[in-house]
Amino acid sequence: MTNTQFGNVLRFFNEAVSDDLVKRLQLPADLAAAVLAQRKADGGMFTSVEQLSSIAQLSPQTLGQLSDSIDKLPFTDPAL
């Protein structure tokens with residue numbers, strides 16, 4: 001994953017609510033809940049790959065697939 005792709009994943013996960021993770025990324029509800037719980041445990045914001053990697057269900061392969069999915073999502077902010 002490139003730095004830009006990782007930045008997009010961090011940005012999405014930091015801004016996402018459960019509905020975004022389940023409906024837009026099609027994550028299982030339990031994984032979406034784990035992501036949000038980990039974000040809360042990390043002070044409300046992910047800042048590193050290690051934080052995301054600490055979520056058992058997010059393997060490097062899964063993160064790569066999520067990055068590809070996030071890259072394809074329409075964003076209303078052109079800076080994203």
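Trainee: Where is Gln51 found?

Mentor: In this predicted model, Gln51 is found in helix H4, which covers residues 49-53 and has the lowest mean pLDDT among the elements of the chain, at 86. Helix H3, residues 29-41, has the highest, at 94. For the chain as a whole the average pLDDT is 87, and 92% of the residues score at least 70.

Trainee: How should I read the setting of Gln51: is Gln51 buried or exposed?

Mentor: Burial is judged by relative accessible area, with buried meaning under 20%. Gln51 has a relative accessible area of 15%, and therefore counts as buried. Leaving aside neighbours within four places in sequence, Gln51 is in contact with Gln38, Asp42, Met45 and Phe46.

Trainee: Which backbone nitrogen atoms lie by a polar atom of the side chain of Gln51?

Mentor: Here one looks at distances between polar atoms. The backbone nitrogen of Thr47 lies 2.4 Å from a polar atom of the Gln51 side chain, and the backbone nitrogen of Ser48 lies 3.0 Å from a polar atom of that side chain.

Trainee: What else does Ser48 touch, not counting residues up to four places away in sequence?

Mentor: Ser48, which is found in the loop between H3 and H4, touches Phe6 and Leu10 when those sequence neighbours are not counted. With a relative accessible area of 18%, Ser48 is buried, and a polar contact of 3.3 Å joins the side chain of Ser48 to that of Glu50.

Trainee: How do I read a helix such as H3, and what should the 13 residues of H3 span?

Mentor: One sets the expected span beside the distance between the end C-alpha atoms. At 1.5 Å a residue, the 13 residues of H3 should span 18 Å, and the end C-alpha atoms of H3 are 18 Å apart, which agrees. After H3 comes Gly43, whose phi is positive, near 85°.

Trainee: Which residues of H3 are buried, and why can they be said to line one face of the helix?

Mentor: The buried residues of H3 are Leu31, Ala32, Val35, Leu36 and Arg39. Seen down the axis of H3, these buried residues fall within an arc of 135°, so they line one face of the helix. Exposed residues lie on the other side of H3, namely Ala29, Asp30, Lys40 and Ala41. The cover over the buried residues of H3 includes helix H1 (3-15) and helix H2 (18-24).

Trainee: What does the same reading give for H5, and which residues of H5 are buried?

Mentor: H5 has 13 residues and reaches 19 Å from its first C-alpha to its last, close to the 18 Å expected at 1.5 Å a residue. Its buried residues are Leu63, Leu66, Ser67 and Ile70. Seen down the axis of H5, they fall within an arc of 105°, so they line one face of the helix. Gln61 and Lys72 are exposed residues carried by the face of H5 turned away from its buried side, whereas the buried residues of H5 pack against H1 and H4.

Trainee: Where does Ser59 lie with respect to H5?

Mentor: Ser59 lies in the loop between H4 and helix H5 (60-72). Its relative accessibility is 29%, so Ser59 counts as partly exposed. The side chain of Ser59 makes a polar contact of 2.9 Å with the side chain of Thr62.

Trainee: How should aromatic pairs be read, and how many are there by the counting rule?

Mentor: One looks at the distance between ring centres together with the angle between ring planes, and planes from 30 to 60 degrees apart count as tilted. By this rule the count comes to two aromatic pairs. The rings of Phe12 and Phe13 have their centres 6.4 Å apart and their planes at 55°, so this pair is tilted. Phe13 and Phe46 form a tilted pair as well, at 6.5 Å centre to centre and with 55° between the planes.

Trainee: Why can the pair of Phe13 and Phe46 be said to tie together parts of the chain?

Mentor: Phe13 lies in helix H1 and Phe46 in the loop between H3 and H4, so the pair ties together parts that are 33 residues apart in sequence. Phe13 counts as buried at 0% relative accessibility, and Phe46 is buried with a relative accessible area of 2%. Phe12 is buried too, and Phe12, Phe13 and Phe46 form one aromatic cluster.

Notes: Residues are numbered from 1 along each chain as its sequence is written. This is a predicted model: local features need pLDDT of at least 70, side-chain atom pairs count only at pLDDT 80 or more; totals for chains, interfaces and linings use all residues. Side-chain values use heavy atoms; hydrogens and water are left out. pLDDT is the predictor's confidence in each residue, from 0 to 100. Helices (H or I, at least four residues) and strands (E, at least two) are DSSP runs, numbered from the N terminus. Buried means under 20% relative accessible area, exposed over 50%, partly exposed in between (1.4 Å probe, protein chains only). A polar contact is a pair of N or O atoms within 3.5 Å; within protein, one must be able to donate a hydrogen and the other to accept it, and residues adjacent in sequence count only if both atoms are side-chain atoms. The expected span of a helix is 1.5 Å times one less than its number of residues. The arc is that of the directions from the helix axis to the C-beta atoms. Contact means heavy atoms within 4.5 Å. Rings of Phe, Tyr and Trp (its six-membered ring) pair if their centres lie within 6.5 Å; planes under 30 degrees apart count as stacked, over 60 as edge-to-face and the rest as tilted.
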